[in-house]
Amino acid sequence: MKLKKVYLDNAATTLCDKRVVDAMIPFYTDKYAVASSDFSHSPGIEAKEALDKAREDIANKIGAKFREVIFTSGATESNNVAINGIAMANKKKGNHIITSSVEHRSVKEAIEALEKEGFTVTWLPVSKGGFVSVDDLKKSIKKETLLVSIQHANQETGTVQDINSIGNICHKKSVFFHTDAALSFGRIPLDVKKAKVDLLSITAHKIHGPKGVGALYIRDGLGIVKCMYGGFNEFNKRAGTENIPGIVGFAKAIELIEPNEIKYIEKLKERLYDGIKKELDAVQLNGNQKDTLPTILNLTFRFVEGESVILHLDMRGIAVITGSACFSRSLEPSYVLKAMGLSHEEAHGSIRFSFSRFNKEDEIDYTIDAVVNVVKKLREISPITPDN
Ligand SMILES: Cc1ncc(COP(=O)(O)O)c(C=O)c1O
């Protein structure tokens, strides 16, 4: 079999589209002034115009106003700024935070840090499909509750939470609502007003934009503690020279999303899942087939170790991961899959396949073949079998 290179780790990051790179280059080579020089000279005005246009485009994409979007270095920063910023600015209002047990580390650890500072935290469990119960959430809100932070889509399984219902509850109870939309943005509909979100985090590199650029939506009138001192940038909320090439690239990546691309990606996911299911027994879908991102397929292959599977697939040129990207360095099974009720062994046998518009059908067929071969071979020599 001829070796192919197949990248199926698009939930970790995506290829920066060549057209995005082309849009960014002039902002390094020619239009390199900083936006804060717009009071002084024409190149500064040009930079400020580019920054404003990108902000306008991104705000439009999520149904926000121009002044409600600030640029950051990515979703990790946006999550930290949102959670810390709102908690520190509103300590007197309450000290209770509600979140889920499956959040990305940048939310989980930001909230754990606040827990150490004296905040109390409710870590909501999830169902087998990875869903937070909206009813549980409602019951957990008390008079001290300041903030609810529930992600839009999960980094490992792609499970999509019902943020519209969650937002409505928070709004009615006058509790701030933050959502981490790093993986859902540009993939499924997202409207900050409909979801009554107060704070929302997004990032460019998951949608074929550059790395190190993200944005935070902060609802108009919401007070958060300034996250970086030393200038008036980003409506005086985040000091520091804006990464204009990156921000222009972010806006370009959004512009390039085709209305039909998600249907195409979903077909690739179905093709892979159907192809694997047809050939292999004891394969379980982690998450739910319906309310999951079209870009992520998380499967457990019983009786094999995920680590062995990914190494063998890598030798065949296929890039996938076991657990989440952040977890690959640890032998601990993923806390997300464990929260969904998977056993240690099931979590260890899990593989995340994630897709983009650059994947092709023949890559999927090649992957089906490789997965089936590798799993069958590993099962033949596996010490864990259905009988022990
Ligand atoms: C759900 C989720 N939130 C946040 C992040 C962090 O994003 P960034 O790499 O832009 O800091 C990621 C990236 O892996 C993610 O998947």
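So, F66: its relative accessibility comes out at 24%, which makes it partly exposed. Keep in mind that this is a predicted model. The reason I care about F66 is its ring neighbour, F235. That one is partly exposed too, with a relative accessible area of 24%.

How many aromatic pairs do we get in total? The count is two. In the F66 and F235 pair, the ring centres sit 6.1 Å apart and the planes meet at 70°, so we call it edge-to-face, since anything over 60 degrees goes in that bin. And where are these two along the chain? F66 is in the loop between α3 (42-62) and β2 (69-72), while F235 is in helix α8 (residues 233-236), so the pair ties together parts that are 169 residues apart in sequence.

Okay, on to the other pair, F185 with F250. Again edge-to-face: 6.1 Å centre to centre, with 80° between the planes. Here F185 comes from the loop between β6 (176-180) and β7 (199-203), and F250 from helix α9 (residues 244-255), so we're linking distant parts of the chain, 65 residues apart.

Buried or exposed, for F185? Buried, with a relative accessible area of 1%. F250 is at 0% relative accessibility, so F250 counts as buried as well.

Last bit: charges over rings. Back to F66, because there's something else on that ring. The charged end of R55 sits over it, 5.6 Å from the ring centre of F66. We also have K277, which lies over the face of Y273 at 4.2 Å from the ring centre.

That's me done; happy to pull any of these up on screen.

How values were computed
Residues numbered from 1 in each chain as written. Predicted model: local features only at pLDDT ≥ 70, side-chain atom pairs only at ≥ 80, totals over all residues. Heavy atoms only, no water. Phe/Tyr/Trp six-rings, centres within 6.5 Å; stacked < 30°, edge-to-face > 60°. Helix = DSSP H or I, 4+ residues; strand = E, 2+ residues; numbered from the N terminus. Buried < 20%, exposed > 50% of the residue type's maximum accessible area, 1.4 Å probe, protein only. Lys NZ or Arg CZ within 6 Å of the ring centre and 35° of its normal.
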